[in-house]
Amino acid sequence: MSEILTQPPPPPREGRFELAVYMRQQNMLFPLEFGSIVDIGRASECQIRLDDLSVSRWHARLYVGDDIEIEDLGSANGTTLVRAPSTGDPRDETGSLAHRRLEANKRKRLRPGDVLRVGAVIVVLQRKGRSSLTGIRAEIAGGLPPVLVDPEMRRAYELVGRAASSDISVLILGETGVGKEVMAEAVHRGSPRSTGPFLRLNCAALPESLLESELFGHERGAFTGAHAAKVGLLEATDKGTVFLDEIGELPLGTQAKLLRVLEERTVIRVGSTKPRRIDVRFVTATNRDLAREVRAGRFRGDLYYRISGLVVRIPPLRQRRTEIEPLARHFLREFCSRSGQREPRIDGQVVQMLCDYEWPGNVRELRNVIERAALLANDDVITAHEILLEPQQPESELSDADEFDSDTAVLEVPSAALSGRSERDRIVRALEACGGNQTRAAKMLGMSRRTLINRLEQFNLPRPKKG
């Protein structure tokens, strides 16, 4: 008599991957069990339920095995894949596979680091154990702001930390002085290019006549005064990161040439016809509403879509009041250490003043106020007399702008902006206080002179005449 020997079924294999989901007011982690089929959508029956109107009831499906595959189920708003680069694939985010809307009912293989835009919700495929902010801190050590308390800021930097490992183009939005350059540096420090150069270029600071030559370089004799060939800044930053601040101020002609650089990864020096290959990662920033600028014809739509692979909006300081006091104490300690003076105590009334103020100049204004107060302080204490603040705007003149562009954004952290009328009044007062001197008024407002001139045109204000 023969016997049939049976063995108990093997234990299920532990999943190695998880999905990090970033929605407007929360982020979530979903472990992916090996051998499972996972539906994503608004329907209550979906294993990953995304309660967002941009998501279809049955939007997409994941097949979890040794490989992870995604299938769009014929959703209304589609599923877009932003491909993470790999050493085995020479194509970066400018390649044909980098930013593609998936074809319905066809599977697409994913790899860790890939970003999916499910409607307007962002989903990141990652290996388990990469979700804590502690890990993000380690990845971008030294590039974080001195204080990171506000939940929206923590979410923003966590996502930036994830994006840093890829070459996806990052667009940082936020008011003047909120810390866009700090975030751009965090992207560079957390990337494989961290040992390469990091170029900071304020597009509004260079005259239009010099901007092209500085960016792309020029050949000898290309124009009057070009006595020798010059390597452009983009060429000089090969293997590194280029941070273009105030990109909304670029002239349209330069925008067209920058678009060609992004698409072809080559530059042509002024006065030359020979393209030169470069390998750089682009991070851009602006305090303008670029979507509105595109509609008005002041910014190229094709360039906007190229630079906005990942969009992160930094909230203004007035929306993250929990950070005001610790930032103030940090700036005070830093300034006193740098200047070799004894650190004064901050009076309790001053702390309340700082927390109640709207901070139109954001973190930059707070630093200036604290450093000035430290110089004026007597008896080792900063009192209300040493805190010099701009007159407060009436609350009725402040309007919340909580915008999300589902066509281009990956994540936008909600922010509030001064209304047009409020900004117009600030500009008028600054010009009056500076006797019409545009350079001094721009410095007082925390913006470049070119940005101030653009604002004068935007608000139909006459430019002061030179006296």
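User: Which residues of helix 13 and helix 14 meet?

Analyst: In this predicted model, Gln 438, Thr 439, Ala 441, Ala 442 and Leu 445 of helix 13 meet Arg 449, Leu 452 and Ile 453 of helix 14. A contact requires heavy atoms within 4.5 Å.

User: Why is helix 13 called roughly perpendicular to helix 14?

Analyst: The axes of helix 13 (residues 438-445) and helix 14 cross at roughly 95° and come within 8 Å. Angles of 65 to 115 degrees count as roughly perpendicular, so helix 13 is roughly perpendicular to helix 14.

User: What makes helix 14 mostly covered?

Analyst: Helix 14 spans residues 449-458, and seven of its ten residues are buried. They are Arg 450, Thr 451, Leu 452, Ile 453, Asn 454, Arg 455 and Leu 456. Buried means a relative accessible area under 20%. Just after the helix, Asn 460 has a positive phi of about 55°.

User: How do you know that Asp 114 is buried?

Analyst: The relative accessibility of Asp 114 is 1%. The cut-off for buried is under 20%, so Asp 114 counts as buried. Asp 114 belongs to the loop between strand 9 and strand 10 (115-118). Its C-alpha atom is separated by 9.4 Å from that of Ala 163, 49 residues apart along the chain.

User: Why are Cys 46 and Cys 336 called buried?

Analyst: Cys 46 has a relative accessible area of 6%, and Cys 336 has a relative accessibility of 3%. Both values are under 20%, so both residues count as buried.

User: How many disulfides does the structure hold?

Analyst: The number of disulfides is zero. A disulfide would need a pair of cysteine sulfur atoms within 2.5 Å, so no pair here meets that limit.

User: Why do strand 4 and strand 9 count as edges of their sheet?

Analyst: Five strands make up this open sheet, in the order 4-3-5-6-9, with mixed pairing. Strand 4 (48-49) and strand 9 (107-110) each have a single partner strand, so one side of each lacks a neighbour in the sheet.

User: What makes strand 3 and strand 4 a pair?

Analyst: Pairing takes at least two bridges. Strand 3 (residues 37-41) is joined to strand 4 by two bridges, so the requirement is met. The two strands run parallel, and Gly 41 has Arg 49 in strand 4 as its bridge partner.

User: Why are strand 13 and strand 20 at the edges of the other five-strand sheet?

Analyst: The order in this open sheet is 13-16-19-12-20, and the pairing is parallel. Strand 13 (198-202) and strand 20 (310-313) have a single partner strand each, so one side of each is left without a neighbour. From one strand to the next, the twist averages 15°.

User: How do you know that strand 16 and strand 19 pair?

Analyst: Four bridges link strand 16 (residues 241-245) with strand 19 (residues 281-286) in the parallel sense. The minimum is two bridges, so they pair. Leu 244 stands opposite Thr 284 in strand 19. Helix 2 (residues 151-164) packs on this sheet and touches strand 19 and strand 20.

User: What share of the protein chain is buried?

Analyst: Of its 467 residues, 53% count as buried. The chain has 14 helices and 24 strands.

Note on methods:
Residues numbered from 1 in each chain as written. Predicted model: local features only at pLDDT ≥ 70, side-chain atom pairs only at ≥ 80, totals over all residues. Heavy atoms only, no water. Buried < 20%, exposed > 50% of the residue type's maximum accessible area, 1.4 Å probe, protein only. Axes fitted to C-alpha atoms, helices over the stretch in contact; angles between N-to-C directions. Parallel < 35°, antiparallel > 145°, perpendicular 65-115°, else oblique.
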